[in-house]
Amino acid sequence: MMPNNQAGLPKKPIVAIIGAGPAGLMAADYLRQFDVTIQVFEQKPSPARKLLMAGKSGLNISHAEPVDAFVTRYQPNDWLTPHIEDFNAAHIRDFMTRLGIESFVGSTGRIFPTMMKASPLLRAWLQALQQDGVAFFYRHSCDNIDGKQATFSVAHESGNLTVSQSFDAIVLATGAMSWSRLGSDGKWQAWLSDIELTPFYASNVGICRPLSQPWSAHLHRDFGKALKRVKAQVTLPNGKIEQGFGDIILTHYGMESGLIYRLNRAMREQLNHTGKVSLQLDLLPDVADEKLLSSLKNPKKQSLANLWRKAGLDPVKIALLREIVAKTHWHNADKMTKAIKQLTVEFDSFRPIEEAISCGGGVKRTALTEDFALKSNPYVFCCGEMLDWDAPTGGYLLTACFATGRAVGQGVAQFLALSKKLTQCT
């Protein structure tokens, strides 16, 4: 339960932070240097569940590419720029070091904590916040916000209790709509008007084959296996080509991987324009067309599988070729060279938003002030993934959550004209 202010003590401003994910924690982290009461409310029994899930396979917390290139990864590509410049990858690494968590830059430029996992970082962060007086209230589900007042359902042994409290400022850091079991259920949208919101859509998610053209049975044994070192590209309606290199995982519904995620935005634009996604693959990007053609014209009698293997194709790539290319072309070196270098695979949809690593859509830029306060309610500030921006994986998502959380902390401090503590935290 939320404590009442103790009688006789001077009343300090009280800030509610609703959502204990990276954005909410960063807002609290910035505000803890001020003479303010900070109360963090989380509907789950523990904080930052999505962060912990992301860290299970290695916490990619940011990216070391130059800031001017970094900020172009976002859509829109200007809204978050000043805030990411103000709290970029270098600042994030310094922040982690102050918490006793060292980091390193991987071969692809991605930044990871040396221990790879999220849990040591989260433990150190929570300890620092609590030492500075930040209070956490778990199993507190916010049901409504009206002006300065927030109403919560509080899980209790005797059943859920409904409590309301007035705050001097409220920070919403409630996430989007993917992985709702970890806390981002999107129910906060009911507190805003339709004109303040862009509908959510799945981002960084797998793509699906048309129901009329599912994978055939012979490809089933390759589900979960990777097409390694391929070049993939999508042609936009204006003729511009978006492309990338990497691995792609074959799945029962279609394809998925970091490379697919990077092309999601272009795929979505193509889908909206043409009703389908045409993904063009170069299965052997390191082999010149002439060399490949020569290999496929080998006059020695041998099986197709052996011929393709000697040309550089592995069993997974061969299986995909057999799936997509007409059998009448298999013995035609010219047609197979073109197929290997320009294999077109079609899709017609994305996986459900619940499975998405992140979401596009959310609170519109036009609904907010420069400090991320709602124009319709100046006591409420919004940050993190609930804002209407999109970005690929690779550390960009977390960086934007940290940067907007910190920016909201700055906005709240200015709104409340907060003064620094006599003993400031470092």
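Select Leu281 and show everything around it. Leaving aside its neighbours within four places in sequence, Leu281 is in contact with Leu227, Lys231, Ala232, Ile248, Met255, Leu320, Ile340, Lys341, Gln342, Leu343 and Val345. Keep in mind as you look that this is a predicted model. Now colour residues 277-282: this is strand 16, and Leu281 is found in it. Is Leu281 buried or exposed? It counts as buried, because its relative accessibility is 0%, and buried here means under 20%. Next, add Gln233 to your selection. Gln233 and Leu281 are 48 residues apart along the chain, yet their C-alpha atoms are separated by 6.6 Å.

**Zoom out to the whole chain**

Show the whole protein as a cartoon. You will be looking at 13 helices and 21 strands. Along its principal axes, the C-alpha trace spans about 95 × 45 × 40 Å. Of the 426 residues in the chain, 53% are buried. What share of the contacts with a separation of 6 or more comes from residues 24 or more positions apart? The share is 71%.

Switch on the surface. The accessible area comes to about 19,600 Å², and carbon and sulfur atoms account for 51% of it. If you colour by charge, you can find 47 positive and 39 negative side chains, with the centres of the two sets 9 Å apart.

**Strand 10 and its partners**

Go back to the cartoon and select residues 169-172, which form strand 10. Show the side chains. In a regular strand, side chains alternate between the two faces of the sheet. Here, Ala169 and Val171 point one way while Ile170 and Leu172 point the other way, and all of them are buried.

Now add residues 14-18, which make up strand 1; this strand pairs with strand 10 in the parallel sense over 4 bridges. To see one of the pairings, pick Val15, whose bridge partner in strand 10 is Ala169.

Then add strand 21, residues 377-382, which also pairs with strand 10 in the parallel sense, over 3 bridges. Click on Leu172 and look across to strand 21: the residue standing opposite is Cys382.

**An open sheet with antiparallel pairing**

Your next stop is an open sheet of 3 strands in the order 7-8-9, with antiparallel pairing. Select 140-146 for strand 7 and 161-166 for strand 9. Why is one side of each of these strands left without a neighbour in the sheet? Strands 7 and 9 stand at the edges, so each has a single partner strand. Rotate the view and compare the strand directions: neighbouring strands in this sheet are turned against each other by 25° on average, direction ignored.

Add strand 8, residues 149-154, which pairs with strand 9 in the antiparallel sense over 6 bridges. Pick Ala150 and you will find Gln165 of strand 9 standing opposite.

**A sheet with a helix packed on it**

For the last stop, look for another open sheet, made of 3 strands in the order 3-5-4 with antiparallel pairing. Its edge strands are strand 3 (62-63) and strand 4 (103-105), each of which pairs on one side only. Select residues 110-113 to see strand 5, which runs antiparallel to strand 4 and is joined to it by 3 bridges. Among the residues here, Ser103 stands opposite Pro113 in strand 5.

Finally, select residues 89-98. This is helix 5, which packs on the sheet and touches strand 3, strand 4 and strand 5. Compare the direction of helix 5 with that of strand 4: the two make an angle of about 150°.

Conventions. Residues numbered from 1 in each chain as written. Predicted model: local features only at pLDDT ≥ 70, side-chain atom pairs only at ≥ 80, totals over all residues. Heavy atoms only, no water. Buried < 20%, exposed > 50% of the residue type's maximum accessible area, 1.4 Å probe, protein only. Contact = heavy atoms within 4.5 Å. Areas by Shrake-Rupley, 256 points an atom, 1.4 Å probe, with all protein chains shown as cover. Lys, Arg positive; Asp, Glu negative; His and termini not counted. Charge placed at Lys NZ, Arg CZ, Asp CG, Glu CD. Pairing = 2+ DSSP bridges. Axes fitted to C-alpha atoms, helices over the stretch in contact; angles between N-to-C directions.
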